[in-house]
Amino acid sequence: MSHRIAVLNGPNLNLLGEREPEIYGRTSLPEIERATQERARALGIELTWIQTNHEGEFVEAVQGFKGRIDGAVINAAAFTHTSLAVRDALLAVRVPFVEVHLSNIFAREPERRRSLLADLAVGVVTGFGADSYRLGFEALARYLDAVAHPSR
Ligand code: DQA
């Protein structure tokens, strides 16, 4: 079963690799994208990759999932903790998604320990650096397989 998965990245993730490497690691976003594309090809999944620093564009990207995407891996970055608009878009579209973070948001400042999105997610992967994307992507692919073929 071939799925269509979008990976949606929020603000400042374009700076990965140079931005606070002690927290986020030294892998750049294009490197994570390449590794995810490779994995997608191996699994026969069509991958769309998006990064934006703008909340409105992020909301429009979520709205655009409807009918076009079977599931999403979402690192909403700081919008995770602040954006009711992103939450409302996810509620409107109801596309299954896995929330991912490079850092363990629960081990950080109090304002990062709360996610406005997590209760809407299939699951959350947080704290494994760039590997959070691989784990989240594979978990979502398996979830979509299970939904498509409940008896397998
Ligand atoms: C992040 C965690 C957020 O708190 C932060 O604003 C980010 C990145 C992560 O991947 O660890 O920009 O989502």
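How far does a polar side-chain atom of histidine 101 lie from an oxygen atom of the ligand? The distance is 2.8 Å.

## About the model

This is a predicted model, in which local features need pLDDT of at least 70 and side-chain atom pairs count only at pLDDT 80 or more, while totals for chains, interfaces and linings use all residues. Residues are numbered from 1 along each chain as its sequence is written, and side-chain values use heavy atoms, with hydrogens and water left out.

## Around the ligand

Let's look at the polar contacts, meaning pairs of N or O atoms within 3.5 Å. Besides histidine 101, arginine 19 has a polar side-chain atom 2.9 Å from a ligand oxygen, and an N or O atom in the side chain of histidine 81 is 2.7 Å from an oxygen atom of the ligand. Taken alone the ligand exposes 320 Å², and the protein buries 99% of that (Shrake-Rupley method, 1.4 Å probe).

The residues surrounding the ligand (a heavy atom within 4 Å) include Tyr24, Asn75, Ser103 and Arg108. By class, this shell has 5 nonpolar, 4 polar and 3 charged residues; Tyr and Ala count as nonpolar, Arg as charged, and Asn, Ser and His fall among the polar ones.

## Aromatic pairs

The structure holds 2 aromatic pairs (ring centres within 6.5 Å). One of them joins phenylalanine 58 and phenylalanine 79 edge-to-face, 5.5 Å centre to centre with 80 degrees between the planes (over 60 degrees counts as edge-to-face).

Terms used: A polar contact is a pair of N or O atoms within 3.5 Å; within protein, one must be able to donate a hydrogen and the other to accept it, and residues adjacent in sequence count only if both atoms are side-chain atoms. Rings of Phe, Tyr and Trp (its six-membered ring) pair if their centres lie within 6.5 Å; planes under 30 degrees apart count as stacked, over 60 as edge-to-face and the rest as tilted.
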